[in-house]
Amino acid sequence: MADTPKSDRSVEEAGPKSGGAPQPRRRSRKILFISIAAAVVVILGLALGLGLGLGLKDHDGRDEDNEPSTPSPTESPVTPNGTVWQPAVGTKWQIILNSVLDVPAANAKTTVTLTPDVPVWDFDMFIHRDTDVIANLHSLGKRAICYFSAGSYEPYTPDAGSFVDADLGKVMDGWPDEKWLDIRRTSVRNIMIKRLDIAVAMKCDAVDPDNVDGYNNDNGLDLTKQDTIDFVRFLAKEASKRGLAMGLKNAGGIIDDVLDVVQFSVNEQCAQYSECDVFAKFTAAGKPVFHIEYPSGAPKSIKPKDSDKACGAEGADNFSTVLKGMDLDGWVEYCDGKVAQTKVASTPDNED
């Protein structure tokens, strides 16, 4: 969730309240889901009925030897013996959560490049499920990180009907369509296992599970810090068994407890809140911090002082920093001043 990092601050300190300034995050993603929901549900139903191996088996019945992600030509291969992709510190990246990417396949007759031409791409898993995006990224030597929310209920995901009332907590502050999940419940964890199986079927190289820091919010479920630690370690273990790398989204308060089981950090706004030194534990351990800042004026005009703050924060020297607009669309600026606009196949209308 492209929200202010809540890992080390109270709910009151964690950013603008609902009804105030717009919150970061993929605000228009829901409309895209609504527009394709019927098609996705039909496809999902056919897959379940016909047993086409889309990774939706029950936990007890799944194949423990799922085929690992197809490695990109320039990276070390992902093997089925538990070795997963470990991105390098400082690796450049792009993140787009509100659109379906337009990625052409490698072509021997013509030169195919992406804008920006970076090695790692983070995007919404569900809306890319029935596309060739990941296969085409791999053909270009790129890596795919698949985003989904692991700690919140979103009514527009294809598997939303799998949750029961007992799984749900309070509405998330600023996100009236979403509710916190009881991450301790077996039913919730089984749904997340199925999502990891989907990531394997899609050939994702890694997953970016969001909203794992419910304990530091008014969640209505009495979640504790230890609950979050247990949940992240559970997700990381299940991801690793499937040959998937996994990142820790924000949640700076549990880094010491999970750093050994995750391969990278995805952090939002540590520069804005002077917290980058906390996340520098990742780079010190040889693991990258994929870092997002949402400076005022993005994407149209970022003031030099704001980009300097985002890129020059204490502890962030080796971070993979991107400057983005709050909708996390195709626009991106890097700390070297380069600006790019990624081509997308479809973009939903803005909710606002």
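**Exercise 1. Burial and contacts along the chain**

Determine what share of the residues of the protein chain counts as buried, and describe the chain's contacts and surface.

*Solution.* Step 1. In this predicted model, 55% of the 352 residues of the protein chain count as buried. Step 2. The secondary structure consists of seven helices and 15 strands. Step 3. Take the contacts between residues at least 6 apart in sequence: 74% of them join residues at least 24 apart. Step 4. The accessible surface of the chain is about 14300 Å², and carbon and sulfur atoms contribute 50% of that area.

**Exercise 2. Helix α3 and its surroundings**

Compare the span of helix α3 with the expected value, and establish which of its residues are buried and what covers them.

*Solution.* Step 1. Helix α3 comprises residues 186–202, 17 residues in total. From first C-alpha to last it reaches 24 Å, close to the 24 Å expected at 1.5 Å a residue. Step 2. Of these 17 residues, 12 are buried, and the helix is thus mostly covered. Step 3. The buried residues are V188, R189, I191, M192, I193, R195, L196, D197, I198, A199, V200 and M202. Step 4. For reading such a list, recall that an α-helix has 3.6 residues a turn, so residues three or four places apart point the same way. Step 5. The cover over the buried residues of α3 includes two helices, α2 (133–139) and α4 (225–241), together with the strands β4 (143–149), β7 (175–181) and β8 (206–210). Step 6. Just after α3, K203 adopts a positive phi of about 70°.

**Exercise 3. The disulfides**

Locate the disulfides of the structure, and give the handedness and the surroundings of each.

*Solution.* Step 1. A search of the whole structure yields three disulfides. With the bonded cysteines numbered in sequence order, the pairing reads 1-2, 3-4, 5-6.

Step 2. C146 and C204 are joined with their sulfur atoms 2.1 Å apart. The torsion about this S-S bond is -90°, a left-handed link. C146 belongs to strand β4 and C204 to the loop between α3 and β8, so the disulfide ties together parts that are 58 residues apart in sequence. C146 has 0% relative accessibility and counts as buried; C204 is likewise buried, at 0%.

Step 3. C270 is bonded to C276 with an S to S distance of 2.1 Å. The value about the S-S bond is 85°, and the link is right-handed. Both cysteines, C270 and C276, are buried.

Step 4. C311 is bonded to C335, S to S 2.0 Å. This disulfide is left-handed because the torsion about its S-S bond is about -90°. C311 lies in helix α7 (residues 304–311), while C335 lies in the loop between β13 (331–334) and β14 (339–341); the pair therefore ties together parts 24 residues apart in sequence. C311 is partly exposed at 23% relative accessible area, and C335 is partly exposed at 40%.

**Exercise 4. A three-stranded sheet**

State the strand order of the sheet that contains β7, and identify its edge strands.

*Solution.* Step 1. The sheet is open, has three strands in the order β5-β7-β6, and is paired antiparallel. Step 2. The edge strands are β5 (152–153) and β6 (168–172), each of which pairs on one side only. Step 3. β6 and β7 are joined by three bridges. Step 4. M172 stands opposite W175 in β7.

**Exercise 5. Salt bridges**

Which salt-bridge partners does R184 have, and where do the residues of the K249–D208 pair lie?

*Solution.* Step 1. The structure contains 17 salt bridges, counting a side-chain nitrogen of Lys or Arg within 4 Å of a carboxyl oxygen of Asp or Glu. Step 2. R184 meets D182 at 2.8 Å, N to O. R184 is partly exposed, at 36%, whereas D182 is buried, at 10%. Step 3. R184 also forms a salt bridge with D227, the closest N and O atoms being 3.6 Å apart. This pair links the loop between β7 and α3, which holds R184, to helix α4, which holds D227, across 43 residues. D227 is buried, at 13% relative accessibility.

Step 4. K249 forms a salt bridge with D208, with closest N and O atoms 3.5 Å apart. K249 is in strand β9 (residues 245–249) and D208 in strand β8, 41 residues apart. K249 is buried at 3% relative accessibility, and D208 is buried at 0%. Step 5. A network of salt bridges links D197, E238, K241 and R242; D197 is one of the buried residues of α3.

Key. Residues numbered from 1 in each chain as written. Predicted model: local features only at pLDDT ≥ 70, side-chain atom pairs only at ≥ 80, totals over all residues. Heavy atoms only, no water. Helix = DSSP H or I, 4+ residues; strand = E, 2+ residues; numbered from the N terminus. Buried < 20%, exposed > 50% of the residue type's maximum accessible area, 1.4 Å probe, protein only. Contact = heavy atoms within 4.5 Å. Areas by Shrake-Rupley, 256 points an atom, 1.4 Å probe, with all protein chains shown as cover. Expected span 1.5 Å × (residues − 1). Disulfide = S-S within 2.5 Å. Pairing = 2+ DSSP bridges.
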